[in-house]
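Trainee: Could we go through this one together? I'd like to see what stands behind the labels.

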Amino acid sequence: MKTWKWFATASALALSLTVAQPSLADVSIDDIVKDAETTGDVVSNGLGPQGQRYSALKTVNTGNVAGLVPAWAMSLGGEKMRGQETQPLVKDGVMYITGSYSRAWAIDTKTGREIWQYDARLPEGILPCCDVINRGGALIKDKFIFGTLDAKLVALDAKTGKVVWTKKIDDFKAGYSYTAAPLVVPSEKHGPLIVTGVSGGEFGIVGRIEARKADDGELVWSRPTIEGHMGTLNGKESTMTGKKNATWPGDLWQTGGGATWLGGTYDPETKLIFMGTGNPAPWNSHMRPGDNLYSCSRLALDPETGEIKWHFQTTPNDGWDFDGVNEVVSFDLNGTKAAATADRNGYFYVLNRENGKFIGGYPFVKNISWAKGLDKDGRPIYVPENRPGNPTKSKDGKKGDSIFAVPSFLGGKNWMPIAYSKDTKLFYIPSNEWGMDLWNEPVTYKKGAAYLGAGFTIKPIFDDHIGSLKAMDPATGEVKWEYKNRAPLWGGILTTGGGLVFFGTPEGDLKAMDAASGKELWAFNTGSGIVGSPVTWEQDGEQFISVVSGWGGAVPLWGGEVAKTVAHLNQGGMVWTFKLPKQTAQKN
Amino acid sequence: MNADPQASGARATARLFGRVRALVAALSALLLGAMPASAAPGDDPLRSIMWTEMKAQFFADEPVVFDERVKVQVPRVVEDQAQVPITADARALDGVKKLVVFADLNPIQHVATLDVMKASPFIALRMKVEQATPVRAAAQTADGVWHIGSVFLDAAGGGCSAPAMARKDADWSQTLGHAQGKLYRELDGSVRVRFRVRHPMDTGLARDNTPSFFIEKLDLRSEQGEQLATLDLREPVSEDPTLTVLVRMPLNDSVLTILGRDNQGEEYRSIIPASWRQSATSDPPARNAE
């Protein structure tokens, strides 16, 4: 900001009286590509398109984090307090967040005062599977773009919050919605592209990845994730995804799932988009023998054409709802262009991000039962008796044999993003230790109805904790430290050059741990559960840390016996921003 | 019988004061002519406590006069506060560029603005009222002066804070933007456009927390795409807006196109055929976002 010198010399009283409007510059594609290197702003989901969630800032560090205090808090208001899974974006003194029920805000980062609010008018009959959440927006040029529960993409004027354009991603009545943060990537042919997927994995939809022009939302390319479906490029059919019926029997591929509900990451070095795909539909795997490509996979796509450059499937012929959507984080592994991902199935995978080749895979939760391990190519070595029984082989043909599998369908790790520290060279994985009773039932597809063919209950596997934050060495799979939490962890991680790891708990605490040792150094109770992802940035010489608090998401809806650990938690919706008091900051 | 001198004197005084008042009024009129910028609160024929605020909100420093040639019609009895028919008519003035409709005591005062272009300065619509209120039409003439017509609408309250009827209809989103309309040739050669479009027109003030959601722009086009008039609508316009405007469209045109956009960015397009004989229903509009 131009006025920073003035701020530096102003008295505290003068500061409190200042109502200077921040001057807003457009967010360029360069700002986004280089977001990980710039500590003064956060203009992408993941604090950089690589998704490392690492900031080099060290004003707040292991030595002084105990003195962290709230700078301001802002309520999201209304009667729409549900899970707040957003990650704030910050640019030129303005914070942009999304909230439950497809709402969005711009907030003055100095005062916590609202600049504008946008409320989507949602139709009756939306079909979100797992709470009315939103995981954040994207900034590009003069726009703030986010997805809605009725499966639309809305571009708002970043200055006013007024709608510039809106595009329907798909029909909400068929089960589509959109909750992930859109990804913005550069392309030579089309300019900056907004890359999105689709949500609605439990309703028999077919996943796809789409790229749109930032200016007007015009569709450039579309890539279905299930083999046999045709992609498009510039309004014309392009190529088929995979080969029809190669790994799918009959016509089940037509409602084959593979929902791309968690959005993606981008690596500027290889110029590849990484997007994960959800479980194949229906859950009952006996109906669809074969690998069921490209369900439960990580895909690398060319931003220019939407062609699949490589894929890596974590759970072929999935029978446990082990979506492969979890984020792919680019990092350097002793000179190798690597990428890592912590899967729902309980394994942490390290891949070569240039070609998708398997480098290593390690369990990050305990007592995994469905597989004995991974083979040299990273393919799971199944435990056949831990696959739910085929209902057609049961006595009445209605319910197959029930099994107890670990992890549960909510995953060793669910949507909540991991972080990678360039300093400790460790990944920080918010995981959960739980299993499930699971059985299969016959099912037929009906538009807009849940398409599962399975029944389930979730059970904790330890008495004292479900949540488990682990620091893992990607070179060896060694767990360097673990923090155990009674309730399941459901929020993202942030790590900093100050040697810290920040994350929130359903119990409401935002915590700071020593990134090297796992020692808890600071905690603050935000008043409701945290299921969002913290961010940090620097402004006028001070380091700020923000998180949105508000309990919700899938756990309270699907939690089974787990509900005991979370039933007493109350809803909320509050943006909390922290900093060091000026004197504490100067001491270090 | 002697006349009471005192009474007579009082009458004379009254007459004198009457003359003085007339003189002051005439002088004011002169002043208004020369410097027509003062419509003080006291000037408002309805003595509305909101007038000063309304003047600042809608006219800022532009010249304003109260003018009975601008007619506002409202029903004597309001049957439904969410659907109050009103008519704003400034056809008695020449060279009107803009016609603004507002209601002083509504929580959202601005109802609609007609950018006249090739239309007549006339609009009929249905609006919501939250309580009894002055309803005004302000017509801006080519010289920049706003001419204001006012009427007091007596009504029971609640029209703006009651949820839209659409709230009870699970399928409202499926009929969003569907339109019906009819064109009538008037004696003076202009065309009367009557038009209804399906939209909840949520005010954002309803007790059920529904966000504001309303059509904010309508754009009337000739067959060749020429802009005939545009309308800015605001939250107080009733659910499923029903509007009448008068436009001059080319004689041989067989259709009138109405383009619309709401505050959530949805775009609508309706085509009204000019059959001149029978009413017609337009096709379901092409929704841009589909």
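Mentor: Sure, and one term up front: two residues are in contact if their C-beta atoms, placed from the backbone, lie within 7 Å. This is a predicted model, where local features need pLDDT of at least 70, side-chain atom pairs count only at pLDDT 80 or more, and totals for chains, interfaces and linings use all residues. Residues are numbered from 1 along each chain as its sequence is written, with chains lettered from A and ligands numbered from 1 in the order in which they are written.

Trainee: Which residues is A:Asn279 in contact with, leaving aside its neighbours within four places in sequence?

Mentor: A:Gly201, A:Gly257, A:Ser295, A:Cys296, A:Asp318, A:Asp321, A:Phe322 and A:Asp323.

Trainee: Why does A:Asn279 count as buried?

Mentor: A residue is buried if 20 or more other C-beta atoms lie within 10 Å of its own, exposed if 12 or fewer, and partly exposed in between, with C-beta atoms placed from the backbone. A:Asn279 has 29 C-beta neighbours inside 10 Å, so it counts as buried.

Trainee: What makes S14(B) and S15(B) a pair?

Mentor: Strands (E, at least two residues) are DSSP runs, numbered from the N terminus, and two of them pair if DSSP finds at least two bridges between them. S14(B) and S15(B) have 7 bridges, in the antiparallel sense, with B:Ile258 opposite B:Ser270. S11(B) also runs antiparallel to S14(B), joined by 6 bridges.

Trainee: And which side chains of S14(B) are buried?

Mentor: B:Leu256, B:Ile258, B:Gly260 and B:Asp262, which point to one face. B:Val255, B:Thr257, B:Leu259 and B:Arg261 point to the other and are not buried.

Technical notes:
Helices (H or I, at least four residues) and strands (E, at least two) are DSSP runs, numbered from the N terminus.
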